[in-house]
Amino acid sequence: KGFPQHITNTPQRPDIVVFSDTLKIVYLIELTCGDESNFESQRARKETRYQQLLADISAAGWTAQLFTVEVGCRGLYHHTLPHLFNFFNIPRQRKKKALNEVAVIALRCSYTIWLSRDNRIWSSNYELVKRPEGSAD
């Protein structure tokens with residue numbers, strides 16, 4: 001699916017769009033996974049990419065806010081991720097657990113890609129993300 005057309009017409013597709021028709025507010029969430037040394041440049045690139053969309057949303061009479069979230073390939077995350085959780089009032093324990101899971105997922109994905117570096121064909125059977133045994137929901 002694309003961007004909600006009743007807000008504005010755009011070909012852009014942020015990773016997550018949260019909106020309220022009643023409040024006429026839109027939150028755009030854009031994830032970047034890359035090298036931890038480039039968090040700030042990744043964030044600036046995403047902010048530039050969505051600047052026009054934010055202006056179009058505002059021109060349509062909506063309030064818009066962009067959240068960029070950067071997660072590194074070695075499992076580190078930028079301060080933007082805890083900031084996003086705080087904005088949406090995620091409880092402290094849930095936030096801590098989610099941050100830990102994000103770090104583990106990033107590490108497992110990076111490790112799987114590294115292990116597959118010599119494979120010419122990518123298999124959909126690779127278990128990229130598997131919950132550790134004994135972990136509770």
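Contact is taken here to mean heavy atoms within 4.5 Å. The structure described is a predicted model, and the account begins with the sheet before turning to the helices, the nonpolar cores and the loops.

In this model 3 strands form an open sheet in the order E1-E2-E3, with mixed pairing. E1 and E3 stand at the edges and have a single partner strand each, so that one side of each is left without a neighbour in the sheet. From one strand to the next the twist averages 15°. Strand E1, which spans residues 16-20, pairs with E2 in the antiparallel sense over 5 bridges, whereas E2 and strand E3 (residues 63-72) pair in the parallel sense over 10 bridges. The register of these pairings can be followed through individual residues: Ile16 stands opposite Ile29 in E2, and the bridge partner of Val17 in E2 is Leu28. Ile29 has a bridge partner in E3 as well, namely Phe67. Of the 10 residues of strand E2 (residues 25-34), 8 are buried, so this strand is largely enclosed by the rest of the structure. In a regular strand the side chains alternate between the two faces of the sheet.

E1 and E2 form a hairpin with 4 residues between them. Lys24 lies in the loop between these two strands, and its phi is near 55°, a positive value in a residue other than glycine. With a relative accessibility of 34%, Lys24 counts as partly exposed. A comparable entry is found in the loop between H3 and H4, where Asn89 is located; Asn89 likewise has a positive phi of about 55° although it is not a glycine. Asn89 counts as exposed, its relative accessibility being 66%. As a general background to both residues, most residues other than glycine have a negative phi.

Two helices are placed against the sheet. H1 lies across E2 and E3 and runs at about 150° to E3. H3 packs on the sheet, where it touches E2 and E3, and its direction makes about 140° with that of E3. The buried residues of helix H1 (residues 39-49) are Phe39, Gln42 and Lys46. Viewed down the axis of H1, these buried residues fall within an arc of 65°, and they therefore line one face of the helix. The general geometry of such a face is that an α-helix has 3.6 residues a turn, so residues three or four places apart point the same way. The elements that cover the buried residues of H1 include E2 and E3.

His78 is found in the loop between E3 and helix H3 (80-87). A residue is classed as buried under 20% relative accessible area, and His78 is therefore buried, its relative accessible area being 9%. When neighbours within four places in sequence are left aside, His78 is in contact with Phe39, Glu40, Arg43 and Glu70. Among these contacts, Phe39 is also one of the buried residues of H1.

The largest nonpolar core has 11 residues, namely Ile25, Tyr27, Ile29, Phe67, Val69, Val71, Leu81, Leu84, Phe85, Leu99 and Ala106. At least two residues of this core are supplied by each of E2, E3, H3 and helix H4 (92-115). Ile25, a member of this core, is in contact with Val18, Phe19, Ser20, Trp62 and Thr63 once its neighbours within four places in sequence are left aside. A second, separate core of 9 residues includes Ile7, Tyr50, Ile57 and Trp62.

Two packed helices are described by the angle between their axes and the distance between the axes. For H3 and H4, the axes come within 11 Å and cross at roughly 145°, and the crossing is right-handed. The contact is made by Leu81, Pro82, Phe85 and Asn86 on the side of H3, and by Lys95, Ala98, Leu99 and Val102 on the side of H4. Leu81, Phe85 and Leu99 also appear in the largest nonpolar core.

Definitions and conventions. Residues are numbered from 1 along each chain as its sequence is written. This is a predicted model: local features need pLDDT of at least 70, side-chain atom pairs count only at pLDDT 80 or more; totals for chains, interfaces and linings use all residues. Side-chain values use heavy atoms; hydrogens and water are left out. Buried means under 20% relative accessible area, exposed over 50%, partly exposed in between (1.4 Å probe, protein chains only). Two strands pair if DSSP finds at least two bridges between them. The arc is that of the directions from the helix axis to the C-beta atoms. Axes are lines fitted to C-alpha atoms, for helices over the stretch in contact, and angles run from 0 to 180 degrees between N-to-C directions. A nonpolar core is a set of buried Ala, Val, Leu, Ile, Met, Phe, Trp, Tyr and Cys residues joined through side-chain atoms within 4.5 Å. A crossing is left-handed if the near helix is turned anticlockwise from the far one by less than a right angle, and right-handed if clockwise.
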